[in-house]
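Grab a coffee and work through these exercises with the structure open beside you. Each one sets a task and then walks through a solution.

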Amino acid sequence: MNLAYTDEHLMVRDTIRDFAQAELAPGVAERDEKEIVPIEALKKLGELGFMGITVPVENGGAGLDMISYAIAIEEIARVDASCAIIVSVHNSLVGYPLEKFATPEQKECILKPLASGQTIGAFALTEAGAGSDAGAMKTTVIRDGDYYILNGAKNFISTGATCNVMLVIALTDPSKGPKGASAFIVEKGTPGFNVGKKEHKMGIRGSDCVEICFSDCRVPVANRLGEEGAGFKIALTALNSGRVGVACQALGIAQACYEESVKYSKERVQFGQPIAAFQATRFKIARMATEIDAGRWLVYSACHKKDKDEPFIKEAAMAKLYCSELAVRTALEAVQIHGGYGYIKEYPVERFLRDSKITTIYEGTNEIMHLVIAEQVMGR
Ligand code: COS
């Protein structure tokens with residue numbers, strides 16, 4: 001693995017860092033409090049190429065590598081973890097499977113507007129009774145001439161209210177279980193596509209999470225992604241990529257908590273000296289710095305394999321497992337360093353602690369990550 005950033009990586013980092021400071025930082029606390037999605041910022045991210053980071057230029061994307069993607073998601077999360085997950089889901093759970101499985105026509109009509117940020121994508125696999133056991137889904141889709149008719153309900157759908165298109169996994173042949181699942185691109189506004197209950201979350205409150213109900217929703221056959229029966233594999237393939245995105249989001253949260261801790265500990269004076277002078281603080285900071293570097297290399301190892309088109313299931317799961325726990329641990333320590341000030345909204349570490357927890361849960365809980373890694377290293 002080539003460990004050095006290229007000039008292109010540094011350019012991506014500077015661009016997205018400046019963008020995050022200028023466009024995301026000013027309203028981030030208010031969006032968190034009022035549950036507002038940063039729609040305008042998403043449009044601008046599209047114009048800058050960050051809504052199709054690894055999608056080839058001919059398909060409307062920026063044609064960058066996965067390290068660039070990792071840098072972008074980390075830098076966005078370092079300021080606004082809610083925006084980071086919107087961009088991650090859009091790029092990795094929708095853009096990536098379209099790039100991999102779409103027909104040339106689908107790439108032209110669906111991927112291009114997504115990759116250029118004209119449309120926003122969401123991913124619908126989870127159901128009330130099918131979370132970790134994703135194969136237990138009940139949503140069905142029945143062929144009717146040139147259409148499929150979709151019925152059922154998906155829940156905990158990130159960006160479900162904001163999106164324009166949704167990658168939906170449903171059963172074309174329920175008798176086969178997950179092997180009877182297929183993938184569809186469903187456009188918002190299609191009759192029978194109904195946005196249901198909005199969830200009020202502990203963290204990442206600047207991203208929406210809703211229930212989606214399909215009631216005789218007619219989807220053109222041309223919108224099926226891959227063959228009938230390939231839906232579960234497509235979903236898990238997308239989730240491998242999504243898990244790298246969640247790892248980057250977690251890393252950005254940890255990095256922000258670390259930076260806030262260094263800054264605060266140098267300012268805060270107790271017993272006649274900055275608390276940065278106390279070994280208790282220095283050891284916490286040393287551990288944060290070490291673990292963040294370790295997490296970043298796990299992320300880059302997954303990116304490197306994906307860029308070489310090699311299997312990266314294990315690396316993605318390891319990066320997600322490690323970085324999500326790192327985010328929670330680092331956010332907790334950051335709040336501890338800030339003392340009482342860390343527990344109130346005056347400092348951003350309070351928000352980062354709330355934002356961090358979901359990274360151990362979504363796109364595969366860390367319990368599922370252990371299963372995935374164990375299977376990869378020791379077989380079934
Ligand atoms: N990437 C690609 N393929 C994968 C995969 C992965 N990460 N994990 C499993 N597969 C494949 C398996 O190889 C198997 O293929 P074959 O049928 O060709 O053998 C197929 O998918 C089914 O796998 P398996 O039999 O292991 O399925 P299970 O139903 O037992 O569940 C887990 C497997 C638990 C790994 C899967 O359901 C999972 O990842 N659950 C978490 C779901 C999730 O992330 N939900 C969040 C949704 S978005 S917030």
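Before starting, one cut-off: a residue counts as exposed when its relative accessible area is over 50%, and as buried when that area is under 20%. Keep in mind that this is a predicted model.

**Exercise 1. Find out where Phe156 sits, and decide whether Phe156 is buried or exposed.**

Step 1: Look at the backbone. Phe156 isn't a glycine, yet its phi is positive, at about 55 degrees. Most residues other than glycine have a negative phi.

Step 2: Place the residue. Phe156 belongs to strand β3, which covers residues 147-158.

Step 3: Apply the cut-off. The relative accessible area of Phe156 is 53%, so Phe156 is exposed.

**Exercise 2. Do the same for Phe271: which loop holds it, and is it buried or exposed?**

Step 1: Phe271 also calls for a look at phi, which is near 55 degrees, a positive value in a residue other than glycine.

Step 2: Phe271 lies in a loop, the one between β9 (269-270) and β10 (273-274).

Step 3: With a relative accessible area of 80%, Phe271 is exposed.

**Exercise 3. Describe the surroundings of Val141.**

Step 1: Start with the strand. Val141 is in β2, residues 140-144.

Step 2: Check the accessible area. At 0% relative accessible area, Val141 is buried.

Step 3: List the partners. Setting aside neighbours within four places in sequence, Val141 contacts Tyr148, Ile149, Leu150, Ala170, Leu171, Thr172 and Phe184.

Step 4: Look further along the chain. Asp216 is 75 residues away from Val141 in sequence, but their C-alpha atoms are separated by 9.0 Å.

**Exercise 4. Work out how α10 runs relative to α7 and to α9.**

Step 1: Get the angle and distance for α7. The axes of α7 (residues 231-267) and α10 (residues 349-357) come within 10 Å and cross at roughly 155 degrees.

Step 2: Compare with the cut-off. Angles over 145 degrees count as roughly antiparallel, so α7 and α10 are roughly antiparallel to each other. The crossing is left-handed.

Step 3: Find who touches whom. From α7 come Ile253, Ala256, Cys257 and Glu260, and from α10 come Val349, Phe352, Asp355 and Ser356. Sorted by class, that contact has 5 nonpolar, 1 polar and 2 charged residues.

Step 4: Repeat with α9 (residues 313-338). Its axis and that of α10 come within 9 Å and cross at roughly 160 degrees, so α9 and α10 are roughly antiparallel too. This crossing is left-handed.

Step 5: Read off the contact. α9 brings Ala327, Val328, Ala331, Leu332, Ala334, Val335 and His338, while α10 brings Val349, Phe352, Leu353, Ser356 and Lys357. The classes here are 9 nonpolar, 2 polar and 1 charged.

**Exercise 5. Which residues touch the most other members of the largest nonpolar core?**

Step 1: Size up the core. The largest one has 91 residues, and the members touching the most others are Leu42, Leu45, Leu98, Val244 and Val299.

Step 2: Ask which element gives the largest share. That's α7, with 15 residues.

Step 3: Zoom in on Val299. Leaving out neighbours within four places in sequence, Val299 is in contact with Ala70, Val244, Ala247, Cys248, Leu251, Ala319 and Cys323.

Step 4: Don't stop there. A second, separate core has 18 residues, among them Ala122, Tyr148, Phe214 and Cys217.

Technical notes. Residues are numbered from 1 along each chain as its sequence is written. This is a predicted model: local features need pLDDT of at least 70, side-chain atom pairs count only at pLDDT 80 or more; totals for chains, interfaces and linings use all residues. Side-chain values use heavy atoms; hydrogens and water are left out. Axes are lines fitted to C-alpha atoms, for helices over the stretch in contact, and angles run from 0 to 180 degrees between N-to-C directions. Helices (H or I, at least four residues) and strands (E, at least two) are DSSP runs, numbered from the N terminus. Angles under 35 degrees count as roughly parallel, over 145 as roughly antiparallel, 65 to 115 as roughly perpendicular and the rest as oblique. A crossing is left-handed if the near helix is turned anticlockwise from the far one by less than a right angle, and right-handed if clockwise. Contact means heavy atoms within 4.5 Å. Ala, Val, Leu, Ile, Met, Phe, Trp, Tyr, Cys and Pro count as nonpolar, Asp, Glu, Lys and Arg as charged, and the others, Gly among them, as polar. A nonpolar core is a set of buried Ala, Val, Leu, Ile, Met, Phe, Trp, Tyr and Cys residues joined through side-chain atoms within 4.5 Å. Buried means under 20% relative accessible area, exposed over 50%, partly exposed in between (1.4 Å probe, protein chains only).
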